[in-house]
Amino acid sequence: PANRDSIRDMIVESSGITFEKNISITQNLTFMYTERIFKEKNIAFGIREQKTLGIINDKDKYTNLGLLLSDQCPYLIKMAVYKDGVKKEFIDRKITSVGSVLQQLEEALSYLKLNNRISGKIEGMERIDTYDYPEESIREVLLNCIGHRNYEIPGSTIVNIFTDRMEFLSLGGLVKGLTIDDIKLGISSSRNPRLISIFHRLGLVEAYGSGIPRMLELYRNSPKLPEIKVAPNSFLVVLPKMSLKKEYVEIIDYLKEKDYAT
């Protein structure tokens, strides 16, 4: 027996009508932020281009893709900084503004950069700065959270910042037919292919499916690698702090298993 959510998913899969293509309930949409980004990239964003991109359908109605790119987009990113390694006491928190997913991406990146400590060391005559977390990894994970989440499920993308890691929780599990090993190898199948196509056109993503492999590559020399966990309706990526020393990681892992040590 299939539950209600499974039946809904099967109907959507068999009909070929995806969230992006559906007509937006809200039709009074504006695109001030998205228009500015397109203009900066020297890409046209007139009515004809909006129809080509799938923002406006063949009946001259805004689609849900249009809603995601509009100044009225209601799907937010919630971020919190915690005092230690558990969700007991937070130091700070921020929710992105209602607006285009492009605007929310920029707001989230700016906030996470403020919470990405930089340290420097002198080698010869040169100062070398390093971050607790690779900036490109944070960017890739955020793009995945926005581009691949299931917008049929109400709720926000969650980013939790702990003393030793960042956790990114996106709604929607893996696309049917894919495994965690598949995405680590760079195989990609998106719920929102038109949104990903726009990201590609704007230069936000270099190639389809390259985000996760590139994130893992940036951690190649780190004592602790990123973790990916998947549930039926959620996708979690854990970025460990790269500044943790190898011996610290070994102690932390030991204590996670034993809970106690002299």
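Which residues are buried in H5?

1. The model is predicted. In H5, the buried residues are Val101, Leu102, Gln103, Gln104, Leu105, Glu107, Ala108, Tyr111 and Leu112. The list includes Gln103, Gln104 and Glu107 along with Val101 and Leu105.

2. The length of H5 can be checked. Helix H5 covers residues 101–114, and its 14 residues should span 20 Å at 1.5 Å a residue. The C-alpha atoms at its ends are 20 Å apart, so the expected span and the model agree.

3. The N-terminal end of H5 is capped by Ser100. A side-chain oxygen of Ser100 lies 3.1 Å from the backbone nitrogen of Leu102, and Leu102 is itself one of the buried residues of the helix.

4. Leu112, also buried in H5, belongs to the largest nonpolar core, which has 54 residues. Leu112, Phe168, Phe199 and Leu239 are the residues with the most contacts inside that core. Leaving aside residues up to four places away in sequence, Leu112 touches Met79, Ile138, Leu142, Val159, Ile161, Met166 and Phe168. Phe168 is thus named both as a partner of Leu112 and among the core residues with the most contacts.

5. On cavities, a search of the whole structure finds three of 30 Å³ or more. The largest has a volume of about 430 Å³. Its lining has 30 residues, and those nearest the centre are Asn144, His148, Ile183, Ser188 and Ile212.

6. Which helix gives the most to the lining of the largest cavity? H6 does, with six residues. Helix H6 (135–148), helix H8 (193–201), helix H9 (211–218) and strand E8 (234–240) each supply at least two lining residues.

Note on methods:
Residues numbered from 1 in each chain as written. Predicted model: local features only at pLDDT ≥ 70, side-chain atom pairs only at ≥ 80, totals over all residues. Heavy atoms only, no water. Helix = DSSP H or I, 4+ residues; strand = E, 2+ residues; numbered from the N terminus. Expected span 1.5 Å × (residues − 1). Buried < 20%, exposed > 50% of the residue type's maximum accessible area, 1.4 Å probe, protein only. Polar contact = N/O pair within 3.5 Å; in protein donor to acceptor, adjacent residues only side chain to side chain. Core = buried A, V, L, I, M, F, W, Y, C linked by side-chain atoms within 4.5 Å. Contact = heavy atoms within 4.5 Å. 1 Å grid on protein atoms, 1.4 Å probe; cavity = no way out; pocket = protein on both sides within 12 Å on 5 of 7 lines; lining within 4 Å. Points joined across faces, edges and corners; volume = space filled by probe spheres on them.
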